[in-house]
Amino acid sequence: MGVSSNPAVGHEPYLAPRGKVGDFLARLRGGDEIAHLLTLIFAAGVILITSLLVYELWINSALSRHTFGWKFFVTSVWDPVFNHFGALPFLYGTVITTVVALIIAVPLGVGAAIFLAELAPPRASDMLAFVIDLLAAVPSVIYGVLGIFVVVPFVRTALGPFLESTFGFLPLFKGPSYGLGVLTASLVLTIMIIPFIISVSREVLMAVPVDQREAALALGATRWESTIRVVVPFASTGIAGSIFLAMARALGETMAVTMVIGNDPRISASLLAPGYSIAAVIANEFTEATGALYLQALIELGLVLFLVTFILNGLARLLIVATEQRGGGTPA
Amino acid sequence: MNLRTIWRKTLNVTMLSLTGACTLITVSVLFFILGYLVYNGGRDLSWNFFTKLPTPVGETGGGVANAIVGSAKLLFLAMLFGVPVGVIAGVYLAEFSGKTMNFVVRYTTDLLNGVPSIVIGIFAYSIVVVPMRHFSTLAGGFALGVMTIPITVRSTEQFLRAVPNPLREGALALGASKWKTILTVIVPAAASGIITGIMLALARVAGETAPLLFTAFGNQFWSPGWNQPIASLPMVIYTYATGPYEEWHEQAWAAGLVLLGLVLVVNIGTRLVLARKTSVAR
């Protein structure tokens, strides 16, 4: 305690015995409790805003929920004039565009991620990853513009006729292609989600400890065998996470899809036909919705979208964290 | 070499080339698309574009000046609303919170971050537009502000945690109280990181269209004050690109290029700043 008797050290208010209340007052005067409380209020504000969001969606869709119940999700009539609202065409459109986009994007994205993580020289890999990250930051409305002026004519004049003449016997590719339609929306979504898949998958692949690869190679495996039998299985949960993340993004994507899907609330087997998605119908009809039931049906669609993306994002995060911990937990 | 070895070697080369092809395809498609945007947008950029109001269809020489100012106003509001909440909540997470609260707040911000932007639009509509009974700049700014919160919270927390502990201990050992340490030592040390996070958040919401559709709504003219519907760049791009007129399409391309330039400059700039900072720290 020689230090505290040193005259160079100034007053020491914290050490004086005071009792509980005095202690609290001292800290209050010191400002710590106030600062703690203040920041806590703002953190609670974040929670409050999020809860309020859920609450508003729930309350403002009450009328629609009570009127239609579960039938809302299985009826396909969307008739604002007679107040019949069924969400099936939108659910279908949202799901089908997302599924088709994933079918194209997952092999391409994971393949590219494998290349960047396993084969490409680190410098080139970092450069490409940087560019790909930038692409993930491009606003969706810009992808929409490119969709309208590049992908739509491409599908109308080249891809659509080709698919119809070659695979026209399948109901999937039957009928004329107008350009605007489910396939076009899926292609635009593909372009939008590929950067997500590549960037997250690459990261989890690179988190796989090097000794895993070395062990496989030392046992005589080829580069590909070490990748596909050791590295990819090790990172598989994380890759699945990146896919869920991309899926959540594709399901909730509004502008790009609205601009190219054709906005027609019908369910058709053909991918070339126009369709509609949940986000697109909200974007298009929300400001025009006359009558409480119409508006509330749209808000209920928003609630559905929220719940689905909530579940997918939660799953994605769990999977990614699980892989990264596994990678970090093994001594490298 | 036996047959199996040959097969394995062929498979190795084929599959690895295939992954290379995947990279080539995705990267070249992405580059083609952006190159096309730059080409088309650059052709239609002019001085008028930045300084004039939209003209009626058929007249040439119109611009999107009101949308550019509108986007700036919306972003200003978003910052005013989102940044204090985001940064202070981030400080709470990094400096004050216990384990449980940390988990709860983080989980909520992740949740908020994943909410589709159109749903944020519905939210802002029901708590700002409905009570006010009309679309307004305020509502649009609120919607964008909500979207900046999760990004700001997480980046602030991350950069505050990266501040070395000896700095904290040094300040506390000199007799500073905790809040003084945070305010005068820790936050300044992390300031460039925090600002980077804010910039990234703003760049992200600058391109958002869906939450503005039924909050800021759009406007053909100037929108004085904060209480009226207002135009914004992404909304203009959406309206013009989906419209029937050739002049509109040209303007949509040009506006797209401006928006993309803005977003990319912020993203590249902040990343470079961060890269330099981390390399210095090493």
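This is a short tour of a predicted two-chain model, from the single chains to the interface between them.

Some housekeeping first: residues count from 1 along each chain as its sequence is written, and chains are lettered from A in the order in which they are written. Because the model is predicted, local features need pLDDT of at least 70 and side-chain atom pairs count only at pLDDT 80 or more, while totals for chains, interfaces and linings use all residues; side-chain values use heavy atoms, with hydrogens and water left out.

**Stop 1: chain A**

Select chain A and show it as a cartoon. You'll find 12 helices and 2 strands; these are DSSP runs, H or I of at least four residues for helices and E of at least two for strands, numbered from the N terminus. Walking from the N terminus, the order is α-α-α-β-β-α-α-α-α-α-α-α-α-α. Chain A has a radius of gyration of 27 Å, well over the 20 Å from the globule rule for 332 residues, so it is more spread out than a compact globule. (That radius is taken over C-alpha atoms, and the rule is 2.2 Å times the number of residues to the power 0.38.) Its C-alpha atoms fill a box of roughly 95 × 70 × 35 Å along the principal axes.

Now colour 18-59 as domain 1 and 74-329 as domain 2; the bounds come from an automatic or database domain assignment. The C-alpha centres of these two domains of chain A are 40 Å apart.

**Stop 2: chain B**

Switch to chain B. Here there are 10 helices and 0 strands. The radius of gyration of chain B is 24 Å, well over the 19 Å that the globule rule gives for 282 residues, so this chain is also more spread out than a compact globule. Along its principal axes, the C-alpha trace of chain B spans about 75 × 70 × 35 Å.

**Stop 3: where the chains meet**

Show both chains and select residues in contact (heavy atoms within 4.5 Å). You should pick up 76 residues of chain B against 75 residues of chain A. Together the chains bury about 6,600 Å², 83% of it on carbon and sulfur atoms; buried area is the accessible area (1.4 Å probe) that two parts lose on being put together, summed over both.

**Stop 4: the salt bridges**

Which charged pairs are worth a zoom? A salt bridge here is a side-chain nitrogen of Lys or Arg within 4 Å of a carboxyl oxygen of Asp or Glu. The structure holds 11 over all chains, and the count between chain B and chain A is 3. Go to Arg8(B) and Glu225(A), whose side chains meet at 2.7 Å, N to O. This pair runs from helix α1 of chain B to helix α9 (residues 223-252) of chain A. Then centre on Asp133(A) and Arg271(B), a salt bridge at 3.7 Å, N to O.

To finish, select α1 (3-44) of chain B, one of the elements giving two or more residues to the side that touches chain A. With 19 residues, α1(B) gives the most to that side.
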